[in-house]
Amino acid sequence: MKIAISGKGGVGKTTIMAMLARQLRNQGREVLLIDADPSPHMAESIGIKEVARIIPIAEMKEMLVERSGKVEGSPFYNINPQVDDLLARYIVEQDGLRLMVLGAIQTAKGGCACPENTVLRRLLTKLLLAPSQVVLLDMEAGVEHLGRGTIAGVDQLLIVTIPSQSGIRTALKIKELAVQSGIPRISFVGNLVTGPEDEAFLAEGLGEAPIACFPDSAAIRRTERAGEPVITALPEVEKAASRLLERLFPD
Ligand SMILES: Nc1ncnc2c1ncn2[C@@H]1O[C@H](COP(=O)(O)OP(=O)(O)O)[C@@H](O)[C@H]1O
Ligand SMILES: [Mg+2]
């Protein structure tokens with residue numbers, strides 16, 4: 001199962017992904033997290049030690065260009081670069097959670113169809129097409145820019161939104177683009193939801209109820225301020241995390 005998460009910046013995507021990852025791990029599932037946010041911070045969120053040593057692959061420009069087979073002065077490069085060894089080399093593992101920090105993947109639409117992005121996209125596609133494990137993909141933007149080949153690996157998109165007019169507008173826009181990309185399942189997840197009134201507001205604005213709603217959590221704020229991994233606050237939002245899990249994996 002490959003699950004991508006999307007939504008406006010700051011709505012809680014990374015937090016919810018981290019909670020979901022921990023919950024899945026507690027169930028004994030094999031989890032791979034992919035951080036494809038331009039300013040990645042999943043590693044902190046799940047409490048990976050020596051975070052500073054992790055360099056997003058997107059920032060290793062030289063290695064990426066070399067891998068693409070591009071020769072200086074020539075416009076040509078390999079559109080199917082070999083990436084298998086990179087998969088092994090750049091995945092970090094701790095407490096049963098595995099993480100690969102990709103960083104931002106730009107595409108032609110985002111202004112750059114460079115060889116290094118071909119390598120990043122190839123990596124992502126390989127990770128998404130690998131069998132058996134649960135892959136959670138954290139991104140800043142929507143998924144529509146990833147291109148068909150990559151999207152083909154995503155089974156389900158979670159769109160996180162908070163109960164506000166602008167949040168709902170953004171969520172609906174993301175959904176529209178995701179539908180066009182052909183992702184089979186698309187669901188909303190509410191965050192900072194304080195009660196039935198917020199839930200009703202979301203359900204009405206979105207045209208469907210979110211599959212799970214996370215409360216505004218003092219424990220999450222505390223961990224953030226103390227510089228602790230947010231997953232240590234899981235007990236306070238466990239009900240919402242379990243509900244999300246049930247909806248994603250009904251059997
Ligand atoms: N349910 C919540 N309760 C309290 N604070 C939250 C909650 N969800 C997220 N936050 C806080 O909001 C900020 C943004 O969350 P984050 O997960 O980084 O958003 P995104 O990944 O969408 O940019 C973080 O400081 C996080 O600790
Ligand atoms: Mg984030």
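## Pocket, ligand and cavity

The largest pocket has a volume of about 560 Å³. Two or more residues of the pocket lining come from each of α1, α2 (42-45) and α9. This is a predicted model, and a good place to start exploring it is that pocket, because ligand 1 sits there, with more than half of its atoms within 2 Å of the pocket's grid points.

**The largest pocket**

- The lining of the largest pocket is made up of 25 residues.
- Nearest to the pocket centre you will find G12, T15, H41, I220 and E224.
- Which element gives the largest share of this lining? That is α9, with four residues.
- Sorted by class, the pocket lining holds eleven polar, eight charged and six nonpolar residues.

**The shell around ligand 1**

- How many residues surround ligand 1? There are 17, and the closest of them are G10, T14, T15, P215 and S217.
- Two helices, α1 (13-26) and α9 (218-226), each contribute at least two residues to this shell.
- The shell divides into eight polar, five charged and four nonpolar residues.
- T15 is worth a look in both settings: T15 is among the residues closest to ligand 1, and T15 also belongs to the group nearest the centre of the largest pocket.
- Likewise, α9 supplies at least two residues of the ligand shell and four residues of the pocket lining.

**Polar contacts with ligand 1**

- On T15, a polar side-chain atom lies 2.6 Å from an oxygen atom of ligand 1.
- N191 places a polar side-chain atom 2.9 Å from a nitrogen atom of the ligand.
- H41, one of the residues nearest the pocket centre, has a polar side-chain atom 3.2 Å from a ligand oxygen atom.
- These three pairs count as polar contacts because each joins N or O atoms within 3.5 Å.
- How much of ligand 1 does the protein bury? Taken alone, the ligand exposes 560 Å², and the protein buries 82% of that area.

**The enclosed cavity**

- Besides the open pocket, the model has one cavity of 30 Å³ or more.
- The volume of the largest cavity is about 40 Å³.
- Which residues line the largest cavity? They are R22, R25, I46, G47, I48, Q94, D95, L97 and I231.
- By class, this cavity lining has four nonpolar, three charged and two polar residues.

Key:
Residues numbered from 1 in each chain as written. Chains lettered and ligands numbered in written order. Predicted model: local features only at pLDDT ≥ 70, side-chain atom pairs only at ≥ 80, totals over all residues. Heavy atoms only, no water. Near = heavy atom within 4 Å. Polar contact = N/O pair within 3.5 Å; in protein donor to acceptor, adjacent residues only side chain to side chain. Areas by Shrake-Rupley, 256 points an atom, 1.4 Å probe, with all protein chains shown as cover. 1 Å grid on protein atoms, 1.4 Å probe; cavity = no way out; pocket = protein on both sides within 12 Å on 5 of 7 lines; lining within 4 Å. Nonpolar A, V, L, I, M, F, W, Y, C, P; charged D, E, K, R; others polar. Points joined across faces, edges and corners; volume = space filled by probe spheres on them.
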